[in-house]
Amino acid sequence: MTRSETLFDQAQQTIPGGVNSPVRAFKGVGGTPLFIDSADGAYLFDVDGNRYIDYVGSWGPMILGHNHDSIRNAVIEAAHKGLSFGAPTAAEVEMAELICKLLPSVEQVRMVNSGTEATMSALRLARGFTGRDKFIKFEGCYHGHADCLLVKAGSGMLTFGEPTSPGVPADFAKHTLTADYNKLDSVKALFEAYPGEIGAIILEPVAGNMNCIPPVPGFLEGLRELCDQHGALLIIDEVMTGFRVALDGAHGHYGIKPDLVCLGKVIGGGMPVGAFGGRADVMAHLAPNGPVYQAGTLSGNPVAMAAGLAQLEVLQQPGLYEELAAKTRKLAEGIQAQAKAAGVPIAINVVGGMFGLFFSDEAQITTFEQVSRCNMEQFKAFFHGMLEEGVNLAPSAFEAGFLSMAHSDEDIEATIAAAGRVLAKIAA
Ligand code: PLP
């Protein structure tokens with residue numbers, strides 16, 4: 001038995017399913033998850049001493065690569081001063097000012113501890129502001145695990161084949177209306193069916209929890225118009241895409257002005273951090289200035305702020321996002337060429353530092369329906385083949401992949417070559 005297998009057996013005695021977040025358990029692909037000992041740059045090292053080129057990046061935050069010097073040093077320096085004060089700090093002000101400067105749609109921002117808290121709180125605020133309970137989300141979009149958002153969600157929920165979780169009372173989910181991603185008509189129909197009742201639309205500007213689906217031209221613009229027409233707020237959930245797709249977020253990249261934005265992952269540099277912010281008149285409804293309650297013992301934690309600030313500082317280097325996007329395109333084009341050579345039909349979507357591989361013979365994947373039709377058996381074989389080759393991909397066909405600035409040309413070329421060998425075996 002490997003040390004990972006031993007630890008997984010042991011973990012299952014005291015941790016449900018042996019993991020602290022479901023997708024880590026490899027249920028979508030079978031087998032034993034790797035237990036990680038350390039990580040550096042583009043690499044993960046497991047407890048058995050194996051090295052993997054990593055395209056999960058802790059599910060998005062590690063955009064500069066693992067164990068980045070300036071983030072580690074900032075964390076150590078902050079930790080020397082104390083781990084938590086439960087009182088305001090200068091670092092929180094610096095973080096808020098930086099987010100407001102980099103994301104022009106954000107005039108005020110509140111820090112929280114996870115993406116789930118960010119979306120849950122933004123939605124409460126939108127409902128409180130508009131006085132309307134109903135909101136629209138899209139099938140296949142995941143916004144964390146708050147009750148009313150766990151309806152037809154993506155990612156781990158899809159891997160487990162549970163569109164809505166038991167334990168979410170029907171009464172809590174009844175105000176959640178679901179529409180089809182990239183299909184504006186499905187949204188229009190909901191506004192027509194519930195006139196004056198819908199307070200918000202929440203969406204991932206690039207859907208990253210049903211693999212990786214960019215918005216089709218006109219989709220985000222159309223949502224903005226519908227919100228304006230019907231007095232609803234547009235909440236753009238950038239927990240995954242924020243500072244990953246571009247320095248001004250996916251909404252900046254696509255030129256859309258949301259009312260509220262949710263952030264997480266990258267802004268924490270690997271520490272547990274989330275945030276939500278947006279229009280000052282909407283944020284004014286939040287406690288302590290307004291009546292909509294929201295709070296957190298560890299929110300704005302000084303060590304977490306130090307990590308996030310250090311990461312955001314590096315991310316402002318000119319040309320960084322262009323370089324990250326070029327690396328991602330190089331990987332995608334390389335794998336696509338190998339797939340063609342092997343005769344295995346795959347489609348690939350790329351946006352900034354995010355990518356999605358689809359085992360499908362459809363040239364362009366733009367809808368959840370198409371993702372559901374992909375060849376899951378081929379994905380599983382590809383995943384395990386790549387792992388054997390020393391390449392770590394997300395253990396689910398419904399997750400986007402992430403590159404980091406630490407991935408070198410050699411890492412990318414080695415990954416492409418490995419993909420060629422694995423795809424040839426799949427074709428055989
Ligand atoms: N929103 C999006 C778009 C996400 O991808 C995720 C997590 O993957 C969340 C919200 C929830 O964030 P967290 O896992 O930090 O609670």
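Here are some numbered notes on this predicted model, from the domain layout down to the ligand and the core.

1. Start with the overall split. The domain assignment cuts the protein chain into domain 1, made of 3-67 + 318-427, and domain 2, covering 69-315. So you have a reference for the layout, their C-alpha centres sit 25 Å apart.

2. Next, the contact between the two. On one side, 31 residues of domain 1 are in contact, and they meet 34 residues of domain 2. Looking at the domain 1 side, helix H12 (320-342), strand S11 (347-351), strand S12 (354-358) and helix H13 (368-372) each put in at least two residues. S12 gives the most there, with 4 residues. If you care about the chemistry of that face, it divides into 18 nonpolar, 11 polar and 2 charged residues.

3. Now the ligand. It is surrounded by 16 residues, and the closest are Ser114, Gly115, Thr116, Gly144 and Val239. Helix H4 (residues 115-130) gives the most to this shell, with 3 residues. By type, the shell around the ligand holds 4 nonpolar, 10 polar and 2 charged residues.

4. Lys265 deserves a look of its own. The UniProt record, an unreviewed entry, places the feature "modified residue: N6-(pyridoxal phosphate)lysine" at Lys265. In the model, lysine 265 lies in the loop between strand S9 (260-263) and strand S10 (274-278).

5. Is that lysine buried or exposed? Lysine 265 counts as buried because 26 other C-beta atoms lie within 10 Å, where the cut-off for buried is 20 or more. Setting aside residues up to four places away in sequence, lysine 265 touches Gly60, Pro61, Gly115, Val239 and Met240. Gly115 and Val239 are also listed among the residues closest to the ligand.

6. Then the hydrophobic side of things. The largest nonpolar core has 130 residues, and Ala126, Ile201, Leu233 and Ile235 touch the most other members. Helix H11 (residues 302-315) gives the most to this core, with 8 residues. Both domains take part: the core draws at least three residues from each of domain 1 (3-67 + 318-427) and domain 2 (69-315).

7. Last, a closer look at one of those core residues. Which residues is alanine 126 in contact with, leaving aside its neighbours within four places in sequence? They are Phe135, Gly199, Ala200, Leu233, Ile235 and Leu260. Of these, Leu233 and Ile235 also appear among the residues that touch the most other members of the core.

Methods:
Residues are numbered from 1 along each chain as its sequence is written. This is a predicted model: local features need pLDDT of at least 70, side-chain atom pairs count only at pLDDT 80 or more; totals for chains, interfaces and linings use all residues. A residue is near a molecule or strand if its C-beta atom, placed from the backbone, lies within 6 Å of it. Ala, Val, Leu, Ile, Met, Phe, Trp, Tyr, Cys and Pro count as nonpolar, Asp, Glu, Lys and Arg as charged, and the others, Gly among them, as polar. Domain bounds come from an automatic or database domain assignment. Two residues are in contact if their C-beta atoms, placed from the backbone, lie within 7 Å. UniProt positions are given in the numbering used here, feature names are shortened, and annotations may be inferred rather than shown by experiment. A residue is buried if 20 or more other C-beta atoms lie within 10 Å of its own, exposed if 12 or fewer, and partly exposed in between; C-beta atoms are placed from the backbone. A nonpolar core is a set of buried Ala, Val, Leu, Ile, Met, Phe, Trp, Tyr and Cys residues joined through C-beta atoms within 7 Å.
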